[in-house]
Amino acid sequence: ASLLHVGLGLIASALLGLGSCMIAWRRLTPQLRLHLADVDTHHFRPLLNFGAWSAVNTAGMLLLMQVDLLIVNALFGSTMTGRYGALLAFAVLMHTLAEVVIPIFSPMIMARYAIGDVTGVRRLLESAVGFLAFGLALPVGLLCGLGRPLLSLWLGPDFAEFDMLLAVL
């Protein structure tokens, strides 16, 4: 496989996903039709601006999450980058776990905000933060406490010495 094949595979995957979504849309909601003439430009421009800034925010988040790989590669070379990347998978897993939980609370928080219930928003946010902290405490604690045996079992005994780095990540 070459880089060209990977790129073409990603494009094909995206097109397949788009096609699947369109088929599901047509089958589940055949009454829904979109016409460009129905678009209100007064509301469309702010949404477009929000989408553009959201894309910038996502690109910045991806760069922030992966810039350490670039730094490790520049300072220590590809071998250490590979080792660091294997450890970084756990940190990304914890981050992804947190991102899965957050959208559960978002609609409730927005509904409370929409009706002006600031106390309800505060109470929901406190619950969400507590739930997230409690939900992440066990996996993070296990990773920190059992990092050495986990790394030895998963990646081999050569990686056991990186248990403190795993705890920091």
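# Questions on an all-helix model

Q: Which residues does Asp163 contact, leaving aside its neighbours within four places in sequence?
A: Let's begin at Asp163, bearing in mind that this is a predicted model. Asp163 has its place in helix α6, which covers residues 163-168. Leaving aside neighbours within four places in sequence, its contacts are Gly147, Arg148 and Leu151.

Q: Is Asp163 buried or exposed?
A: The cut-off for buried is under 20% relative accessible area. Asp163 has a relative accessible area of 14%, so this residue is buried.

Q: Which side chain does the side chain of Asp163 join in a polar contact?
A: Gly147, Arg148 and Leu151 are the contacts of Asp163 once neighbours within four places in sequence are left aside. The polar contact between side chains is 3.4 Å, and the partner of Asp163 in it is Arg148.

Q: How many helices does the protein have?
A: From the N terminus on, the elements run α-α-α-α-α-α. That fits a count of 0 strands, and the number of helices is 6.

Q: What is the radius of gyration of the protein?
A: For 169 residues the globule rule gives 15 Å. The value for this protein is well over that, so the protein is more spread out than a compact globule. Along the principal axes, the C-alpha trace spans about 65 × 50 × 30 Å. The radius of gyration is 22 Å.

Q: What percentage of the residues in the protein is buried?
A: The accessible surface comes to about 12900 Å², and 73% of it belongs to carbon and sulfur atoms. Of the 169 residues, the buried share is 16%.

Q: Which helix gives the most residues to the largest nonpolar core?
A: The largest nonpolar core has 11 residues, including Phe90, Met94, Leu136 and Phe159. Helices α3 (78-114) and α4 (118-145) each supply at least two residues of this core. The one that gives the most, with 5 residues, is α3.

Q: How many residues make up the other core, which includes Val101 and Phe105?
A: This core lies apart from the largest one, and Val121 and Leu124 are also among its residues. Its number of residues is 6.

Q: Which residues is Leu166 in contact with, leaving aside its neighbours within four places in sequence?
A: Leu166 is one of the residues of the largest nonpolar core. Among its contacts beyond those neighbours is Gly147, a residue that Asp163 also contacts. The full set for Leu166 is Leu87, Phe90, Leu143, Gly147 and Leu151.

Q: Which residues does Thr81 touch, not counting residues up to four places away in sequence?
A: Thr81 lies in helix α3. With a relative accessible area of 15%, Thr81 is buried. Not counting residues up to four places away in sequence, it touches Leu69, Val72 and Asn73.

Q: How far apart in space are Pro107 and Gly156, C-alpha to C-alpha?
A: Pro107 lies in helix α3 and counts as exposed, at 53% relative accessibility. In sequence, Pro107 and Gly156 are 49 residues apart. In space, C-alpha to C-alpha, the distance is 43 Å.

Q: How many disulfides does a search of the whole structure find?
A: A disulfide is a covalent bond between the sulfur atoms of two cysteines. Cys21 is exposed, with a relative accessible area of 53%, and Cys144 counts as partly exposed at 39%. The number of disulfides found in the whole structure is 0.

Notes. Residues numbered from 1 in each chain as written. Predicted model: local features only at pLDDT ≥ 70, side-chain atom pairs only at ≥ 80, totals over all residues. Heavy atoms only, no water. Core = buried A, V, L, I, M, F, W, Y, C linked by side-chain atoms within 4.5 Å. Buried < 20%, exposed > 50% of the residue type's maximum accessible area, 1.4 Å probe, protein only. Helix = DSSP H or I, 4+ residues; strand = E, 2+ residues; numbered from the N terminus. Contact = heavy atoms within 4.5 Å. Disulfide = S-S within 2.5 Å. Rg over C-alpha atoms; globule rule 2.2 N^0.38 Å. Areas by Shrake-Rupley, 256 points an atom, 1.4 Å probe, with all protein chains shown as cover. Polar contact = N/O pair within 3.5 Å; in protein donor to acceptor, adjacent residues only side chain to side chain.
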